[in-house]
Amino acid sequence: MPHSQTSAPRDLIPKGRLARGASPWLLPTVATAALSLVRARGSKRAAAIAVPATALAAGMLWFFRDPEREITQGRVISPADGVVQSIMPWKDGRTRVAIFMSPLNVHVNRAPLAGTVTSVEHIPGGFVPAFNKESENNERVVWHFDTELGDIELVQIAGAVARRIVPYVPQGTKLEQGERIGLIRFGSRVDIYLPEGVDVAVEVGQATTAGVTRIDRD
């Protein structure tokens, strides 16, 4: 159910540029940097700590950025920033599009279609690198959406560094296309399963932008 150019999902109203769920990592880092900068004038040791602490805080601020997006019209749009890692036909006729997210990407994921969240399931697992085939057994959150195309499955997969997936919305939530659904901290992967009969518009190695890149083809 694509929306018009003049309408926007409710969470696109400006309300800050940092991702929800960043606080446990961001606050201690920024506090350490601020304290070391204050003490740097009177202490060589504090000055030595201030440089890497400030650099780390700046890196965290960059990683947890959450820019506003003008949502693209189309049936299925990318749920994640990253690079298409693989496109695989599934036994049940669906096609899995796997998007690898490096630590440099925005890690806030978005709803690929408008619809209702029918389930959000956390599955414990390992933490091998997200580009590894064995990452399919990693810690993950499996989403199902009731949409105009039927059931759409989306899987957020933690990587070697990403040890926490933070869902933003619970089961039963009605979403507009492009609304934020959750955060994966640090490098990771997002898989989306397209229903049988839906052609893929992207190719392996292509960069994607959440809410902007169209995944399917008319």
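In these legends, contact means heavy atoms within 4.5 Å. The model shown is predicted.

**View 1. Val97 sits among the best-connected residues of the largest nonpolar core.**
That core has 34 residues. Val97, Trp143, Phe145 and Leu194 have the most contacts inside it. Several strands give two or more residues each to this core: S2, S5 (140-147), S6 (150-158), S7 (165-167), S9 (180-184) and S10 (188-194). What does Val97 touch, once neighbours within four places in sequence are left aside? Its contacts are Val84, Ser86, Val190, Asp191, Ile192, Leu194, Val200, Val202 and Ile215.

**View 2. Eight strands make an open, antiparallel sheet.**
In which order do the 8 strands stand? The order is S8-S4-S5-S6-S10-S2-S1-S12. Strand S8 (174-175) and strand S12 (207-208) are the edge strands. Each of these two pairs on one side only. Inside the sheet, S6 and S10 run antiparallel and share 6 bridges. Leu154 has Ile192 of S10 as its bridge partner. Towards the S12 edge, S1 and S12 are joined by 2 bridges, again in the antiparallel sense. There, Gly82 is matched with Thr208 of S12.

**View 3. S1 and S2 form a hairpin.**
There are 5 residues between the two strands. Gly93 lies in the turn and has a positive phi of about 100°. The strands pair in the antiparallel sense, over 6 bridges. One bridge links Pro89 to Thr95 in S2.

Is Thr95, a residue of strand S2, buried or exposed? Thr95 has 15% relative accessibility, so it counts as buried. Buried means under 20% relative accessible area. Beyond residues up to four places away in sequence, Thr95 touches Ile87, Met88, Pro89, Ile192, Tyr193, Leu194 and Val200.

**View 4. Trp90 and Tyr193 form one of 2 aromatic pairs in the whole structure.**
Their ring centres are 5.4 Å apart. Why is the pair called edge-to-face? The ring planes meet at 75°, and planes over 60 degrees apart count as edge-to-face. Trp90 lies in the loop between strand S1 (82-89) and S2, while Tyr193 is in strand S10, so the pair ties together parts that are 103 residues apart in sequence. The two partners are also described by their accessibility. Trp90 counts as partly exposed, at 30% relative accessibility. Tyr193, at 7%, counts as buried.

**View 5. Trp143 and Phe145 form a stacked aromatic pair.**
How are the two rings placed? They lie 5.9 Å apart, centre to centre, with 0° between the planes. Trp143 is buried, at 0% relative accessibility. Phe145 is buried too, with a relative accessible area of 2%. Both residues are also among those with the most contacts inside the largest nonpolar core.

**View 6. Val155 is a buried residue of strand S6.**
Its relative accessibility is 6%, so Val155 counts as buried. Which residues does Val155 contact, leaving aside neighbours within four places in sequence? They are Arg140, Val141, Val142, Arg189, Val190, Asp191 and Tyr193. Val155 can also be located relative to Ala98. The two are 57 residues apart in sequence. Their C-alpha atoms are 9.2 Å apart in space.

**View 7. Three strands make another open sheet.**
The order is S3-S9-S7, and the pairing is antiparallel. S3 and S7 stand at the edges with a single partner strand each, so one side of each is left without a neighbour in the sheet. From one strand to the next, the twist averages 25°. How many bridges join S7 and S9? There are 3, in the antiparallel sense. Val166 stands opposite Leu183 of S9.

**View 8. Asn105 lies in the loop between strand S2 (95-101) and strand S3 (108-110).**
A polar atom of the Asn105 side chain is 2.8 Å from the backbone nitrogen of Ser102. Where does Phe64 lie relative to Asn105? Along the chain, the two are 41 residues apart. Their C-alpha atoms are separated by 9.4 Å.

Definitions and conventions. Residues numbered from 1 in each chain as written. Predicted model: local features only at pLDDT ≥ 70, side-chain atom pairs only at ≥ 80, totals over all residues. Heavy atoms only, no water. Helix = DSSP H or I, 4+ residues; strand = E, 2+ residues; numbered from the N terminus. Polar contact = N/O pair within 3.5 Å; in protein donor to acceptor, adjacent residues only side chain to side chain. Core = buried A, V, L, I, M, F, W, Y, C linked by side-chain atoms within 4.5 Å. Buried < 20%, exposed > 50% of the residue type's maximum accessible area, 1.4 Å probe, protein only. Phe/Tyr/Trp six-rings, centres within 6.5 Å; stacked < 30°, edge-to-face > 60°. Pairing = 2+ DSSP bridges. Axes fitted to C-alpha atoms, helices over the stretch in contact; angles between N-to-C directions.
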